Amino acid sequence: MDGRHPSRVRGLLWASVVVVPAVALSGRWHAAVAQGGPPPAPPSSMCSPAHSGPTEDISAPERFEDALRTAVSPVNFGLRIAGTAVHAHDGDPMSAVMQDLLRHLNVEQHPCLQRPFETRCGLSVNHPATLGVSLYEFNDTETRLTGHAVQTEVAGICLDDACIKITPVAIHRPSFESMPSSSSRHGGVAACSYQLIPGGSLASIVGAMATVEEVRNLSALAAERGTVVTEYGVVVRHADRTWRADVFRDAILPIPAENTPLFCNLTELKVAGLDSYAEGLSAKGDPTSAPRRLPTLKTDAPGCTFSNGSPYSGGPDGGAVAPPPGSRTFPAAPSFLHVADADVNGTVSLHCSRYGDLLRVAASSAASTQDAVATGHQGANFLSRVPPLAAPIEITLLVVTAVQGLFTAFVLLFDRPDERLRRFEATYRQWRDRAPLPLNDNVIVPRRERNVPRAVLLLLVIIIAIVEFLPLVVVVIQEAEAQKWKGVFAHVDLVVMMPGSIGGSSTSLPQPLSDFPPVPSSVLAAPAAGLPCSKGVSFVLLPVFGVARHMHTRLVPLAVTLAVVLLLALLLITLRVALWWYASLVAEEKAARRIGDAGLGLAESKLVLL
Ligand SMILES: *[C@@H]1O[C@H](CO)[C@@H](O)[C@H](O)[C@H]1NC(C)=O
Ligand SMILES: *[C@@H]1O[C@H](CO)[C@@H](O)[C@H](O)[C@H]1NC(C)=O
Ligand SMILES: *[C@@H]1O[C@H](CO)[C@@H](O)[C@H](O)[C@H]1NC(C)=O
Ligand SMILES: *[C@@H]1O[C@H](CO)[C@@H](O)[C@H](O)[C@H]1NC(C)=O
């Protein structure tokens, strides 16, 4: 080895030390030039999930809105072809969140649920955005529950990129009179209207999901929506488990027939809080004592104009009147006014018109997957604990125990009780330091002396009876509780329509800043489109709201058994006491006679008394 090689190596090292940073710098410079100054703003086609979880105190209604926002975000589903219906059910958190919302509003105390058991109460059955209502009725011998449920289909839409504004939408079929052929009547075209409520806000989806209403006449409701009621059933699950349903789904809502339609700039309208639905609630849904700001007739709805150009300022023309005085704290549906989106060429309007009709049909087919849920099949859906019923084996054991107690009492009281009493007496006298009683019929034992061991024996019998009957008493109380129990269950599924990207989404995708890690040239040539935003994503919520109670409890036979057992125990004790009483009478009489006869025993008995 000579010295040249090390110097060459050193030269290379030096070269690399100078060149590599230079190359790196020039790369930076090129990148900076390519960048043209500050990094580009994220292109409008890129969206992030609205929320990645609550960050502060969040009330149940806010949590519901947040969960819904996340559930319908396209980020949840990745890239999909526009017009893909995504069915989110079983296992998504929406049901649990909705149950929390209903618990928060203490919906089990709702006046509708206080009416007779047969009353059908559902969520937002009369809302103009409701596309279908189904009434279920079930008898289930396995869960031993009977009850009924109301399924509704409520459509909603996101009005902005992050879906902060989220509101119900009524999906109508537009008039096709002018269309050339009848084939164009089907699919792909919808007219969407929004619900303005008194006070000039858009209806709240949380309010819609928390509004419990009675279904008075399903046929009338269906007729209003241009459809008819069909009947399912009776469907036999197996043996005596049956259900039936009266259903209308997939209603084609008629276009609202206002003379001069009202158009609103949806970006300027607020979405109502729960306070505009219910007295005694804050906008966030917390109880409040602040007086409700009653909406006046002459409220401004910003950005709303009539189609003839005149500005809207509420009033009789608009039809927005104050909601009828509802019950306190429960959201009551305010009266609605249909308005159209003024931005007729905007994303929201385009998405809703293009996919609304498809969504309507997709929601209807998704709704038909809820039979099991609507017939009380899932115990987890109950808002409060279902009181347990006693199992047959449990009942057998309890009855056996009670009979055993009865038998023990009988043996103690009637099977040679005198021996037992004498033993007690002996123990008692020993304890009191007295001489044992002579086993002699001629002795008159004073009643008090005789009664102590008898009382001890009775006490023993009573304690045994209490211990042995107690389980039966507990079960009777439990069954009585179960007999009067009525429970509410709730569940929600979701169908979301993927809007895909409509027009111009390929604009300004980001350029990679460095060549490492290398991006395949094929990907560079055709990068994936950015995730679509939530704006214009429409969805249908499928809430099920039901009531159930126990079909039949074993309260009557159990109560009768308990009564009989108690009566028998009482009878045994009474009989024993009566026999004792009679025996002492006889004994005293006999003794008295003997004293009268001989006058002898007196001395002896006096001896014992001392
Ligand atoms: C329900 O509505 C239908 C149609 O409007 C009507 O024919 C029927 O009598 C109503 N039923 C009840 C019980 O009111
Ligand atoms: C459930 O049971 C009740 C009472 O026995 C009966 O009137 C009703 O028709 C039954 N319903 C179904 C769906 O079987
Ligand atoms: C709606 O209002 C927003 C903001 O006020 C405005 O930028 C937009 O142009 C309006 N859209 C229409 C269709 O008037
Ligand atoms: C919507 O777009 C169509 C065609 O591009 C145009 O004729 C119409 O005037 C637009 N409407 C509004 C309200 O901007």
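Which side chains meet in a salt bridge with an N to O distance of 2.7 Å? Those of Arg241 and Asp140 do, a salt bridge being a side-chain nitrogen of Lys or Arg within 4 Å of a carboxyl oxygen of Asp or Glu. The model is a predicted one, in which local features need pLDDT of at least 70 and side-chain atom pairs count only at pLDDT 80 or more, while totals for chains, interfaces and linings use all residues. Residues are numbered from 1 along each chain as its sequence is written, chains are lettered from A and ligands numbered from 1 in the order in which they are written, and side-chain values use heavy atoms, with hydrogens and water left out.

**Salt bridges**

- By the rule given above, the count comes to 16 salt bridges.
- The pair of Arg241 and Asp140 links distant parts of the chain: Arg241 lies in strand β10 (residues 241–248) and Asp140 in strand β3 (residues 130–140), 101 residues apart. Helices (H or I, at least four residues) and strands (E, at least two) are DSSP runs, numbered from the N terminus.
- Arg241 and Asp140 are both buried, where buried means under 20% relative accessible area, exposed over 50%, and partly exposed in between (1.4 Å probe, protein chains only).
- Another salt bridge is formed by Arg173 and Asp357, whose closest N and O atoms are 3.0 Å apart. This pair also links distant parts of the chain, with Arg173 in the loop between β5 (166–172) and β6 (191–197), Asp357 in helix α7 (residues 347–367), and their positions 184 residues apart.
- Arg173 has a relative accessible area of 17% and is therefore buried; Asp357 is buried at 3%.
- Asp357 also meets Arg360 in a salt bridge (2.9 Å, N to O). Both residues lie in helix α7, three residues apart, about one turn of the helix.
- Arg360 counts as buried because its relative accessible area is 4%.
- Asp140, Glu142, Arg237 and Arg241 are joined into one network by salt bridges that share partners.

**Surroundings of Arg241**

- Arg241, in strand β10, has a relative accessibility of 7% and so counts as buried.
- Its side chain makes a polar contact of 2.7 Å with that of Asp140 and a polar contact of 3.4 Å with that of Glu142. A polar contact is a pair of N or O atoms within 3.5 Å; within protein, one must be able to donate a hydrogen and the other to accept it, and residues adjacent in sequence count only if both atoms are side-chain atoms.
- Not counting residues up to four places away in sequence, Arg241 touches Asn139, Asp140, Thr141, Glu142, Val235, Val236 and His377, contact meaning heavy atoms within 4.5 Å.

**Ligand 3**

- Asn265, Thr267, Glu268 and Asp343 surround ligand 3, a residue being near a molecule or strand if one of its heavy atoms lies within 4 Å of it.
- By class, this shell has no nonpolar, two polar and two charged residues. Ala, Val, Leu, Ile, Met, Phe, Trp, Tyr, Cys and Pro count as nonpolar, Asp, Glu, Lys and Arg as charged, and the others, Gly among them, as polar.
- A polar side-chain atom of Asn265 lies 2.3 Å from an oxygen atom of ligand 3.
- For Thr267, the distance from a side-chain N or O atom to an oxygen atom of ligand 3 is 3.2 Å; for Glu268, the corresponding distance is 3.1 Å.
- On its own, ligand 3 has 360 Å² of accessible area, of which the protein covers 37%. Accessible areas come from the Shrake-Rupley method with a 1.4 Å probe; for residues, only the protein chains shown count as cover.

**Packing of helix α3**

- In helix α3 (residues 94–104), the buried residues are Met94, Ser95, Val97, Met98, Gln99, Leu101 and Leu102.
- These residues pack against α2 (60–71), β2 (121–123), α5 (205–209), β14 (487–497) and β15 (538–550).
- Asn106, just after α3, takes a positive phi of about 50°.

**Backbone features**

- The peptide bond from Gly233 to Val234 is cis, with omega near 15°; Val234 belongs to strand β9 (residues 230–238).
- Arg144, although not a glycine, has a positive phi of about 55°. Arg144 is placed in the loop between β3 and β4 (145–158) and is buried at 15% relative accessibility.
- Asp250, likewise not a glycine, has a positive phi of about 60°. Asp250 is found in the loop between β10 and β11 (262–264) and is partly exposed, with a relative accessible area of 26%.
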